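Visitor: I should like a close look at a single part of this protein. Please describe its setting as well, in a connected account.

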Amino acid sequence: KEQQPAPFSLQAAVLILPVNPILYNGDQSLSSKYERGERAVPLKIVARLAEYFKISVDYLVGLTGNNTL
């Protein structure tokens, strides 16, 4: 049986925040807290990440394995 790829994770997606000021223009320490799961990522940033990666928010947060918009 062919193994399905794991859903794209929000925790992985936030790694791009510090290097992309278009997506996020905030404090580095706050983005580090998002990476470690110490703070919830605001919906506004989740939506920007989904748009940037051209995936659905549901896929990004792991609610579905279907990455189509």
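Guide: The account below begins with the whole chain, then turns to one helix and afterwards to other places for context. The model is a predicted one.

The secondary structure of the protein consists of 4 helices and 0 strands, and the order along the sequence is α-α-α-α. There are 69 residues in the protein, and buried residues account for 29% of them. The accessible surface comes to about 4900 Å², with 53% of that area belonging to carbon and sulfur atoms. Where contacts join residues at least 6 apart in sequence, 42% of them link residues at least 24 apart.

The part chosen for close inspection is helix H2, which spans residues 28–36. Two of its residues, Ser31 and Tyr34, serve as the points of reference. Ser31 has a relative accessibility of 0% and therefore counts as buried. Tyr34 has a relative accessible area of 5%, and it is buried because this value falls under the 20% limit.

The surroundings of these two residues can be read from their contacts, leaving aside neighbours within four places in sequence. On that basis, Ser31 is in contact with Leu17, Pro18 and Tyr24. For Tyr34, the list comprises Val14, Leu17, Tyr24, Arg39, Ala40, Val41, Pro42 and Ile45. Leu17 and Tyr24 thus appear as contacts of Ser31 and also as contacts of Tyr34. In addition, Tyr34 and Ala12 are separated by 22 residues in sequence, and their C-alpha atoms lie 9.9 Å apart in space.

Helix H3, residues 43–53, offers a further point of reference in Tyr52. This tyrosine, Tyr52, has 40% relative accessibility and so counts as partly exposed. With neighbours within four places in sequence left aside, Tyr52 is in contact with Ile16, Asn20 and Leu23. One of these contacts, Leu23, is 29 residues from Tyr52 in sequence, with a C-alpha to C-alpha distance of 8.1 Å.

The account ends at the surface. Leu43, Val57, Val61 and Leu63 form a nonpolar patch there, and together they have about 380 Å² of accessible area. Among them, Leu63 is located in the segment that follows helix H4 (57–60). Leu63 counts as exposed, because its relative accessibility is 66%.

In summary, Ser31 is buried and Tyr34 is buried, Tyr52 is partly exposed, and Leu63 is exposed.

Terms used. Residues numbered from 1 in each chain as written. Predicted model: local features only at pLDDT ≥ 70, side-chain atom pairs only at ≥ 80, totals over all residues. Heavy atoms only, no water. Patch = residues over 30% accessible without salt bridge, like charges linked within 9 Å, V, L, I, M, F, W, Y side chains within 5 Å. Areas by Shrake-Rupley, 256 points an atom, 1.4 Å probe, with all protein chains shown as cover. Salt bridge = Lys/Arg side-chain N within 4 Å of Asp/Glu carboxyl O. Buried < 20%, exposed > 50% of the residue type's maximum accessible area, 1.4 Å probe, protein only. Contact = heavy atoms within 4.5 Å.
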